[in-house]
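Me: Walk me through this model, and give me the criterion behind each label as you go.

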Amino acid sequence: MLKVDEYKHQAETCVRCSYCKFPDLNYIKSSRFSRQCPIDTRYRFNLYSAHGLLHSALAELSGKLEFTPKLMDALWHCTLCGGCDTKCKRNLDVEVLQVIETLRCRCVEQGKGPLPEHKMLADNVKSSHNIYGADPKERLNWMPPDVKPARKADILYFVGDPMSYRRPELAQATVRLLSKAGAKFMVLEDEWSSGHELFATGQLAPAKEMADHNIKAIKESGAKTVITSDAECYKTLKVDYPKIMEKSTEDMPYTVLHITEYIDQLMQDGKFKFNRRVPMKVTYHDPCNLGRLAEPWYHWEPKYEPPNIAVGKTWRRGEKGVYEPPRNILKAIRGLELTEMERHHDNAWCCGYGGGVGTAFPDFALWTAGERIEEAMTTGAEAIVSSCPNCKDILGRAADANNAGIKVYDITEVMLRAIR
Amino acid sequence: MSIPREAYQTLQSIVGPEWVSDDPAICEADRYCSLSSPSDEQRRPGCSIEPASTEEVQAIVKVANRYKIPYVCTSTFYSAGTYARKDDSILIDLKRMNNIEIDEKNLYAIVGPGVAFSALQADLLKRGLITFVPGCGGNSSVLANTVNMGDAPIGWRYGLGYQRLLGVEWVLPDGEMLKMGSLSMSNDYFWGEGPGPDLRGLLRGCAGHQSKLGVVTKIGVKIFPFVSEELEPQGLAFHSHMVLPPNRFKWYNIRFYSREDAINAMFEIGRSEIGLVVMTVPPMFRSMARTRGVGCGGFWEAWKENGPKVKPNQEDLRVLLYGIGSDKRLEYEEKVLLDIVKDYGGSPREAPCRDETNFMAADAICANVVGGRFSSEVSYESINQAVRYSRVVNEITDKYKPRILEDYGTTNWVCPYELGYIAKMECLRMSSVENRDALDKWHEDVHEFCATGGGSTIFPEDEIFGPVWGNYPEKEAKIKKAFDPNNISAPG
């Protein structure tokens, strides 16, 4: 959460050029897919955009505006996908996403938010340490009997709530892949929710509780590397945890790798090879949390020199996301043809699930995912592949709802198919 | 709610309840447009409404007239002056009117006000066609820019945007429909000058009508054949650019050590009818482009080192050669250019065959990253007058101690169009909290010069400049009164 002076400074720096509403203009391939922001594209009023929310943040801060029903609606419909943030930083370097996140935190602080659906997430993690309110004793029930994690290892597999409870097949695919790769890994006996949705919905106190627990558990495990196959967990461990601790990613007692980074590195080192053909034409969906939002966090105490020089600041502009490892993997699988959608890499259209939207506004999430499915279908791909369980979930539902006939896979499933 | 309940309900019935709102947050977010510093002049609208068709716009405007409610229209919000100046106005947001029709055979496109340049350009490039992208950016409205001046660097070859304006569908301030050019006689946008009325000059005025003359709801815009090769985007984030086919394009950066030589070379390039883009490149702009991605601090660090090295009278030209129609044409253009450069003693250097700003993006807004906010003075003149204007503006600027912006006299940009028949001079100055008063005074001084020294600006309504420019403000007011007797189309 930005401190008030910095929050105001960032919001004031916006010149309302609306670049935040578009993908990188050089990459636009058609008018049909020429927008970046899901809320802007669906609801059109200026309030439903980064531009509108930044101005609302200033107005709210100065007492000119309250959290009206529409402001609440726009603020909580935002998927926090960060498309606006990276586009602004092509020109202006405004910390757009941090302003929106802070506006959410202010809404929560004032007791106007979060939404009841989000509040329930906090209640659930309080009672059972996962967002679903499921029995914590069942967290590791997905573990296949033939896979035996080590008691001590340098690598720790952080599973996350969605794969532990809703998408166990993806957790199973991940540990089988790690085993096939010859990795000695362990899992936490007492993993708690990463707190991803709590961070996203401005519920920082319970989110910090999750962070404190998990950081301590990772530290005590002795693991040096945390691997996850959940893009949301990846971003939370790599970015949100150091952020709330007022540290930089490099100062954390662990290194986070997405499973695609790990396998890609093994491939580059000649230690891993896919040995089975997967004849299929696919397109890859960059999860926001593994792409433009996945850059390391750099702690910075705001300090400016005239005219607007941010002294000692390291910028996060979206170019250092995990874009190539999943693509390298897909390209390395024999028989598999990778084709790109119009909006890809840092310009990828959000799946619609993030920012607590999948929880509170499932219809809007489904609409947003439907847009992505339509875009994927223009490539002629038989399947859309992603690297996040919630992306797979909402894209799969949208494909079904639209009778699209396109399959939706997580990359762990595809990788598993490509090895004997 | 300040808009009468009955009027509001009527508006709801026109567009549907989903597309009109008087929620304070919706209205507050529509208070400010781009390029205008927030001030009390910009008022929170009483409601915002998003029509989807010309018929809906007409109905809204008629309701506004019936209830005497001021209205103002906008689309991309990337505009210079379309904001509510009166309390309880209706803000007509036109971004849902984003249809594009492309007539490939007759080379024109029909667009609504919600179409951004980047969207139209993308659809055109796929077909081997092209439109212009104005300096302000591909995120701006095709309609709004074309109706106004529509300047873009490729206007060197293709002319200013307003010359490409064809048929116009215009909802007058009282809600009546006026169709101009060929559209008035048939449902065809192919020609702007007729048959039928051609009042495009009224819409353009000197700096656009800025919503004061109703709502233009659809236009035809001329498009051009382009290369069939795809312009491939490359690079992430601020490194992104389009790769140009090298058999068709070639960039040259040319340094002259006499401004006169540079200007004469520019004229000669025009006479030879070569090039797609020809412009001066102020060293400070070049430094901004080169330090892209390192932020404000990185720019100033580089500029403090490079700025003082700029030699007096140094003038850099940037020229994009274009093999329109064939590779041979590119070879011909290159030979002609290098001959001209030799004649005027310039040093040519071939630049990478890529483009960041002329075909899709045009990131003028990036100038703001160097800190504060940029404020500009613009004139459209002949090349000679633009250069003279630039020189005088520098003299005015030199009187300010400390300087408004430590630019070493290098922020005046001369961008000619129509093979050199007309040129834009744009001088940028940066405003920050520290120098805002000085900058206001600087603007006044520049206008004073324009008024007394024969220069021009795009701000003829200015009280200093207006009276000596044919009493432009009075004429503008008369036209406004004739078209908008109720004074409800963007009053103030």
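**Labels and their cut-offs**

Reply: Let's start right after a helix: K68(B), with a positive phi near 55 degrees, follows helix 3 of chain B. Helices here are DSSP runs of H or I with at least four residues, strands are runs of E with at least two, and both are numbered from the N terminus. Mind that this is a predicted model, where local features need pLDDT of at least 70, side-chain atom pairs count only at pLDDT 80 or more, and totals for chains, interfaces and linings use all residues. Residues are numbered from 1 along each chain as its sequence is written, while chains are lettered from A and ligands numbered from 1 in the order in which they are written.

Me: How do you know that the length of helix 3 of chain B fits its number of residues?

Reply: The expected span is 1.5 Å times one less than the number of residues. Helix 3 of chain B (residues 54-67) has 14 residues, and its first and last C-alpha atoms are 20 Å apart, close to the expected 20 Å.

Me: Which residues of helix 3 of chain B are buried, and what makes a residue buried?

Reply: Buried takes 20 or more other C-beta atoms within 10 Å of the residue's own; 12 or fewer is exposed, anything in between is partly exposed, and the C-beta atoms are placed from the backbone. In this helix E56(B), V57(B), Q58(B), I60(B), V61(B), V63(B) and A64(B) are buried.

Me: How do you know whether D88(B) is buried, exposed or partly exposed?

Reply: D88(B) has 18 other C-beta atoms within 10 Å, so it lands in the partly exposed class. This residue sits in the loop between strand 3 (71-74) and strand 4 (90-93) of chain B, and has a positive phi near 60 degrees without being a glycine.

Me: And what makes N403(A) exposed or buried?

Reply: N403(A) has 7 C-beta neighbours inside 10 Å, so it is exposed. N403(A) is in the loop between helix 17 and strand 10 of chain A, and is another residue with positive phi that is not a glycine, at about 45 degrees.

Me: What about helix 17 of chain A itself: is it largely enclosed or open, and how do you know?

Reply: Enclosed, because 10 of its 13 residues are buried. Among them are P389(A), I394(A), L395(A) and R397(A). The span agrees as well: 18 Å expected, 18 Å between the end C-alpha atoms.

Me: Why is the unit around helix 17 of chain A called right-handed?

Reply: A crossover gets that name if, with the strands pointing away from the viewer, the path from the first strand over the helix to the second runs clockwise. Strand 9, helix 17 (residues 389-401) and strand 10 of chain A form such a right-handed β-α-β unit.

Me: What makes strand 9 and strand 10 of chain A a pair?

Reply: Two strands pair if DSSP finds at least two bridges between them. Strand 9 and strand 10 (residues 407-410) of chain A have four, in the parallel sense, so they meet the criterion. I384(A) has V408(A) as its bridge partner in strand 10 of chain A. Strand 9 (residues 383-386) of chain A also pairs in parallel with strand 5 (residues 280-284) of chain A, over three bridges, with T283(A) opposite I384(A).

Me: Over in chain B, what makes strand 15 and strand 17 edge strands?

Reply: Each pairs on one side only. The sheet is open and antiparallel, in the order 15-16-14-17. Strand 15 and strand 16 of chain B share four bridges, and V278(B) stands opposite V319(B).

Me: What makes the largest core a nonpolar core, and which members touch the most others?

Reply: A nonpolar core is a set of buried Ala, Val, Leu, Ile, Met, Phe, Trp, Tyr and Cys residues joined through C-beta atoms within 7 Å. This one has 274 residues, and V96(A), L395(A), I60(B), I92(B) and V319(B) touch the most other members. Helix 6 (residues 96-109) of chain A gives the largest share, eight residues. Contact means backbone-placed C-beta atoms within 7 Å; beyond its neighbours within four places in sequence, V96(A) has contacts including C20(A), L54(A) and C88(A).

Methods: Two residues are in contact if their C-beta atoms, placed from the backbone, lie within 7 Å.
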